[in-house]
Amino acid sequence: MIRKRWLAAALCSVFALLPAGTLPAAAADGQAEPPPPRVELVLDVSGSMNARDLDGQSRMSAAQRAFNEVIDAVPDEVQLGIRTLGANYPGEDKKIGCQDSEQLYPVGPVNRTEAKTAVATLRPTGWTPIGYALRRADEDLGKGDGTRRIVLITDGEDSCGQPDPCDVARELAAKGTHLVVDTLGLTLDEKVREQLSCIAEATGGTYTAVQHTDQLSDRLQQLVRRSADTPVEKPTAVIGAGSCEDAPVLGTGVYTDRQKFEEHRWYRVPVEQGQELRASVSVAADREVGNDYGVLLRTLDENGRELVRGTDADSGRTDVVSAGLRYPFTDDAADADEAESSTSDGSDSGDATEEDGARVACLEVANSFSAPPGVKREPGLPVELSIDIVDAPSEPADLAAFGLGSGWILLVVLTGTGLVVGAVWGLVTRLTAGRTH
């Protein structure tokens, strides 16, 4: 006991004598280092991986070779893990087979020898519980800030049905933990493509159809490197309101929300005189939607008078629809808006409601997506709203700054264009008639 106390006292004395400059810079500054990027490779080890159609090799052999090359090339700053699905249970009991997923190598700094040895033991065996494995992989990656990426490699669609992999992907995306799921399909089967595309799209990831061994290795390495190269811009989760009066107040930044089909949501943004509001919104179709769709982003004042809008609409299959706008809060813009407001309703409403000396713009986000029969409506569609506030230009070049969005200049422009076109058409008609006679 006396010896232990003496050792502890000696260590304390040593640390006390160390110069302050020898401490890590992050500790001296009181700033924690950003968390390392975390990646987990989720490999299908079901019986179908025995098929020999990748450059004469079995799908399993091609995957093992690609994993070895990825393990050799993984950047030092990346924490890598490996999870399998269908690797252990060869029987017919669906309940057991659909929970056959285990973590082969824990997420963390890579011991290349241990990781390769673990991969070498894999033999194609059982079922394909993709949805179950995705949930477990999300748990493997832990919580907190930093890049979190799952790379799913499979040659077939989920064979269990529940939980549905697409629903799981939407569920994980809705948690707002910056999780991206990339998918690689080792077959060109259409059903596999649809399911893997759905998983990737729901989380902002990518889908790749792999036909050659080298392609599999290259793509895996690219995705692992990307997790280290891409800085994390973690959006702030907000919940829009049903009216401007009840809406959350937002500043410059990136925000995420969930919006029901055909819903309108409101947000408030304080803007000082002489500043310009720039905003954009993206609504993701993370599931099957109706053929016709659109998104609307508007800035209004407290009386519901529209200042400017941005829209986009289309039909057919889509992954995301976006719209943007910009509006300068300047004296010229205010005068134009007040004049237009006084002309239309005899009142003087100003640009927007006042809050702490700043004008508050009301932002409305609406979508016209529809859900086909059988498609789940919950959770709502993912929404990403970006807001930036900059100094307004002294002489705005944007037509909206001069009231084009309000209508009167648009009327003048259209009228002038009509007169010019009419005059030219009349001249052409007279010349043609003269030549005829």
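These legends accompany several close-up views of a predicted model.

**Figure 1. Start with the whole protein chain.** The protein chain contains 11 helices and 18 strands. Of its 437 residues, 45% are buried. Take the contacts between residues at least 6 apart in sequence: 75% of them join residues at least 24 apart. Keep this in mind as you move on to the close-ups.

**Figure 2. Strand β4 sits between β1 and β5, its partners in this view.** Strand β4 covers residues 79-85, and 6 of its 7 residues are buried, so the rest of the structure largely encloses this strand. Strand β1 (residues 38-44) runs parallel to β4, and 7 bridges join the two. Look for Leu43, which stands opposite Thr84 of β4. Strand β5 (residues 101-108) is joined to β4 by 5 bridges, and this pair runs antiparallel. Here Ile82 has Tyr105 in β5 as its bridge partner. If you wonder what holds such neighbours together, strands of a sheet pair through backbone hydrogen bonds, in either a parallel or an antiparallel way.

**Figure 3. Here is the largest nonpolar core, with 34 residues.** Which residues have the most contacts inside this core? They are Leu277, Val281, Leu297, Leu363, Phe369, Leu385 and Ile387. Several strands each supply at least two residues of the core, namely β11 (264-271), β12 (275-284), β13 (292-300), β14 (306-315), β15 (320-329), β17 (358-367) and β18 (381-391). Phe369 is a good residue to zoom in on. Leaving aside neighbours within four places in sequence, Phe369 is in contact with Phe261, Glu262, Val283, Ala285, Val289, Tyr293, Gly294, Thr318, Val321 and Leu381. Apart from this core lies another one, of 32 residues, and Leu43, Phe67, Ile153 and Leu223 are among its members.

**Figure 4. Five strands line up in an open sheet.** Follow the 5 strands in the order β9-β10-β18-β12-β15, and you will find that the pairing is mixed. The edges belong to β9 (236-237) and β15; each has a single partner strand, so one side of each is left without a neighbour in the sheet. The partners β12 and β15 run antiparallel and are joined by 10 bridges. Within this pair, Val281 stands opposite Ala323 in β15.

**Figure 5. Helix α7 packs against helix α6 and helix α8.** The axes of α6 (residues 130-141) and α7 (residues 165-174) come within 8 Å and cross at roughly 20°. That makes α6 and α7 roughly parallel, because angles under 35 degrees count as such. The crossing of α6 past α7 is right-handed. At this contact, Ile130, Gly131, Leu134, Arg135 and Asp138 of α6 meet Pro165, Val168, Glu171 and Leu172 of α7. Now turn to α8 (residues 190-203): α7 and α8 pack at an angle of about 10°, with axes 8 Å apart. These two helices are therefore roughly parallel to each other as well. On the α7 side, Pro165, Cys166, Ala169, Arg170 and Ala173 meet Gln195, Cys198, Ile199, Ala202 and Thr203 of α8.

**Figure 6. Our last close-up shows Arg148, a residue of strand β6.** Is Arg148 buried or exposed? Arg148 has a relative accessible area of 2%, and buried means under 20%, so Arg148 counts as buried. Strand β6 covers residues 148-154. Find Ser227 as well: Arg148 and Ser227 are 79 residues apart in sequence and 7.7 Å apart in space, C-alpha to C-alpha.

Key
Residues are numbered from 1 along each chain as its sequence is written. This is a predicted model: local features need pLDDT of at least 70, side-chain atom pairs count only at pLDDT 80 or more; totals for chains, interfaces and linings use all residues. Side-chain values use heavy atoms; hydrogens and water are left out. Buried means under 20% relative accessible area, exposed over 50%, partly exposed in between (1.4 Å probe, protein chains only). Helices (H or I, at least four residues) and strands (E, at least two) are DSSP runs, numbered from the N terminus. Two strands pair if DSSP finds at least two bridges between them. A nonpolar core is a set of buried Ala, Val, Leu, Ile, Met, Phe, Trp, Tyr and Cys residues joined through side-chain atoms within 4.5 Å. Contact means heavy atoms within 4.5 Å. Axes are lines fitted to C-alpha atoms, for helices over the stretch in contact, and angles run from 0 to 180 degrees between N-to-C directions. Angles under 35 degrees count as roughly parallel, over 145 as roughly antiparallel, 65 to 115 as roughly perpendicular and the rest as oblique. A crossing is left-handed if the near helix is turned anticlockwise from the far one by less than a right angle, and right-handed if clockwise.
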